[in-house]
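Let's take a walk through a protein together, one stop at a time. Have the sequence and the 3D view ready.

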Amino acid sequence: MVKTVNTVDLKDKRVIMRVDFNVPMKDGVVQDDTRIRAAIPTIKYILAQGAKSLTLMSHLGDPAKDSEKAKAKALKDGKSFNLTSYIKGKHRMAPVAAHLQKKLGKAANVVFAGEDGCYNKKNFIDSQKPGTVIMLENTRFHKEETAKNAKDLDKLAKALAEYGDIFVNDAFGTAHRDHASTASIAKFVPVSVAGFLMEKEIKYLEPIVTNPVKPLVAIIGGAKVSSKIAVLESLLKNASALVIGGAMAYTFLKAQGKKTGKSLVEDDQIDTARKILEAAKKAGAEIVLPLDHVGAEKFDAAAKPVKVASVNIPDRLIGMDVGPKTIARYRQVISKAKTIVWNGPVGVFEFNAFAKGTEVVAKLVAAATAKGCITVVGGGDSVAAVNKFGLASKMSHVSTGGGASLELLEGRKLPGIEVTRGRDYFIAGNWKMHKTRKEAADLANALVKSLKTGKHKYLVAPTFTALETVGGILKGSNILLGAQNCAAEEQGAHTGEVSALQLKDLGVNVIILGHSERRHVYKESDALINKKVKLALSHGFEVILCIGETLEEREKGKVEAVCKSQTEKGLKSVSPEALSNVTIAYEPVWAIGTGKTATPDDAQAVHKFVRAVIKKLYGSLAAKRIVIQYGGSVNPGNAAQLMAMEDIDGALVGGASLKPELFTPIAKFS
Ligand code: PEP
């Protein structure tokens, strides 16, 4: 969970805030101030809380790269090029500071800290009156900002960290960049939190990948399949339908053996398109491709639109937009959605004659919003489209970040967000072989109510027979649905087993694997557990991998050896990317269901050791991020003490998860 600016005391504190004021500039004049306006609520809040100083930093274009390009172009066009005036008009932050002053009016005085850069500004900042907003020069004038090595990044980060007791990151548009001012700075400032814009972006975008209100319909358009592969694969995990539009649809149609005329097709991506079609089938997601088209003989705004009533496009035509049959299909698909994510136009909407498909999509998504559907628009072109049709305010959320929103939808961890996360406690209830459907429903209903205001990540794992019932109750709540096991095979003659696909079909989010009862009662080996872990991860599930020693092993001093071996073997061949979907539950077998709990210190020692094992396997960042739960007779009386330990990030609860009056205080421990 990210920590937001309103969770910390700002009174008399010096705040250093990263904003994304990378706005289009022409001759020193701001052309579109959307991003400046988007940061104002956080700026005003910080000032209203009585911060001692507020220093803003941002990049604005890339002076080095942009000027190189502009110079080459000028030379090619036979024009003269003046570097100083080019940079002044495009990359200097002073005019942006002046624009911010206009927007803030009397709310604050904005001062620019000088063209000499971001170093050595402490005295300047300290000499300002409280309530002043200080704008630093463009961070990208310093090559350390975007350096590829920690030493250079840290040099600038340390200098910037001097200006604040608290780092606020509100630059969602730059959150995917691992730069000095977006991420490294957090290493040197005592407290790092997210601003309100960042919080809003995460609130809307993250659940699409982790736990959307279903059915989820994803509309993905744009020119290139190659730039959207990862997002398509990620969305497939939760979407009931993937609408593929824009030029990338022609690559998919060609992969299906359809004629695409002179349309833009990425021949080197046809195999990828086939694989995505295959994966969609496996995931049970419908792929919606154009059924008819509007074509043109040339790619030109003035080109004459030609109706193509069938899916096949004649040789002389380029596909430019979708036709009426496709639009009718879009209407049906969109009307069923409870969540819609839209990234990329479905036609060449910039040319009025070919804008109809995209306009109708924008209207359908807006109408869905009005009926209570959660709608999220991200990516430069689809944002431009909703703006063009005047529908931006009719969407639940229009993202301010192109690359950042795409990477978040790909399920990636963004450096600028990660540094603002507090500890992500994850409290899970394992209901084992308890409860009829009716009893499970009663418990689920009670927990949906009692945990509504809970601040952590929650999961309940009922028996297989109650999954559907409980899944229905949890829909739209903050509690994930878990399964207690999963077959190691995809399908086939495995009497008594339940497959990953069947669990997906039931809406399961997380699978508990390697529980001590599976290991010791049902004799599951590390190799079998590893097979299940990889299978579950490949289907997009989160996995809780349980490890832990028996009493005999503890008495023989083998705790570390057992935990190391079970962790290493359980995670064998699990990629670093897939690891972000793994939680480890340390469950000493002698403590499970016995009423005996490891002391917080003993549990902490093992958790610390397991984290070190992960560090060896996957590096320090992965070790810092992995969630390690403790399990073994956790109850309302010991939960808070256990969670207070440095390396304990949550709990896997058995017996005490069966009653709302026991699980609720554990889940809401403070
Ligand atoms: C468990 O089943 O994973 C567990 C920890 O059980 P209990 O909390 O009852 O010890």
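Our starting point is Ile16, which touches Thr55, Met57, Leu136, Leu160, Tyr163, Gly164, Ile166, Phe167, Val168 and Ile185, not counting residues up to four places away in sequence. Touching, or contact, means heavy atoms within 4.5 Å. Before going further, a word on the model: it is predicted, so local features need pLDDT of at least 70 and side-chain atom pairs count only at pLDDT 80 or more, while totals for chains, interfaces and linings use all residues. Residues are numbered from 1 along each chain as its sequence is written, and side-chain values use heavy atoms, with hydrogens and water left out.

Ile16 is found in strand β1 (residues 14-18). Strands (E, at least two residues) and helices (H or I, at least four) are DSSP runs, numbered from the N terminus. Is Ile16 buried or exposed? Ile16 counts as buried because its relative accessibility is 0%. Here buried means under 20% relative accessible area, exposed means over 50%, and partly exposed is in between, using a 1.4 Å probe and protein chains only. For a sense of distance, the C-alpha atoms of Ile16 and Thr567 are separated by 40 Å, and the two residues are 551 places apart along the chain.

Next, turn to Ser184, in the loop between β7 (166-169) and β8 (191-194). With 4% relative accessibility, Ser184 counts as buried. Outside the four places on either side in sequence, Ser184 touches Leu153, Asp154, Ala157 and His179.

Another loop, between β9 (216-220) and α8 (229-236), holds Gly222. At 15% relative accessibility, Gly222 counts as buried. Leaving out residues up to four places away in sequence, Gly222 touches Lys228, Gly245, Gly246, Ala247, Met248, Gly344 and Pro345. The C-alpha atoms of Gly222 and Thr583 are separated by 35 Å, with their positions 361 residues apart along the chain.

Now look at a helix, α3 (residues 83-90). Which of the residues of α3 are buried? They are Tyr86, Ile87 and Gly89. Seen down the axis of α3, these buried residues fall within an arc of 165° (taken from the directions from the helix axis to the C-beta atoms), so they line one face of the helix. A general rule helps here: an α-helix has 3.6 residues a turn, so residues three or four places apart point the same way. The buried residues of α3 pack against β2 (25-26) and α2 (63-76). On the face turned away from the buried side, α3 carries the exposed residues Thr84 and Lys88. At the start of α3, a side-chain oxygen of Asn82 reaches to within 3.0 Å of the backbone nitrogen of Thr84.

Helix α3 also leads us to some empty space. Rolling a probe the size of a water molecule over the atoms shows where empty space is left. On a 1 Å grid over the protein atoms alone, a cavity is a set of points where a 1.4 Å probe fits but cannot get out, while a pocket is an open set with protein on both sides within 12 Å along at least five of seven lines; lining residues have an atom within 4 Å of a point. Grid points are joined across faces, edges and corners, and a volume is the space filled by probe spheres set on the points.

The second largest pocket holds about 850 Å³ of space. Of its 37 lining residues, the closest to its centre are Asp32, Thr34, Arg35, Ser399 and Thr400. At least two lining residues come from each of α1 (34-48), α3, α7 (196-210), α13 (380-388) and β17 (397-398), and α1 gives the largest share, six residues.

How many cavities of 30 Å³ or more are there? The count comes to two. The largest cavity, with about 50 Å³ of space, is lined by Asp20, Arg35, Ala39, Asp170, Gly173, Leu197 and Thr400. The second largest cavity has about 40 Å³, and its lining is Gly514, His515, Ser516, Arg519, Cys546, Ile547, Gly548, Glu587 and Val589.

One of these lining residues, His515, takes us to a last stop, since Asn430 is in contact with His515 as well as Ala461, Gln484, Ile512, Leu652, Val653, Gly654 and Ser657, leaving aside neighbours within four places in sequence. Asn430 lies in strand β18 (residues 426-430) and, at 5% relative accessibility, counts as buried.

Technical notes
A polar contact is a pair of N or O atoms within 3.5 Å; within protein, one must be able to donate a hydrogen and the other to accept it, and residues adjacent in sequence count only if both atoms are side-chain atoms.
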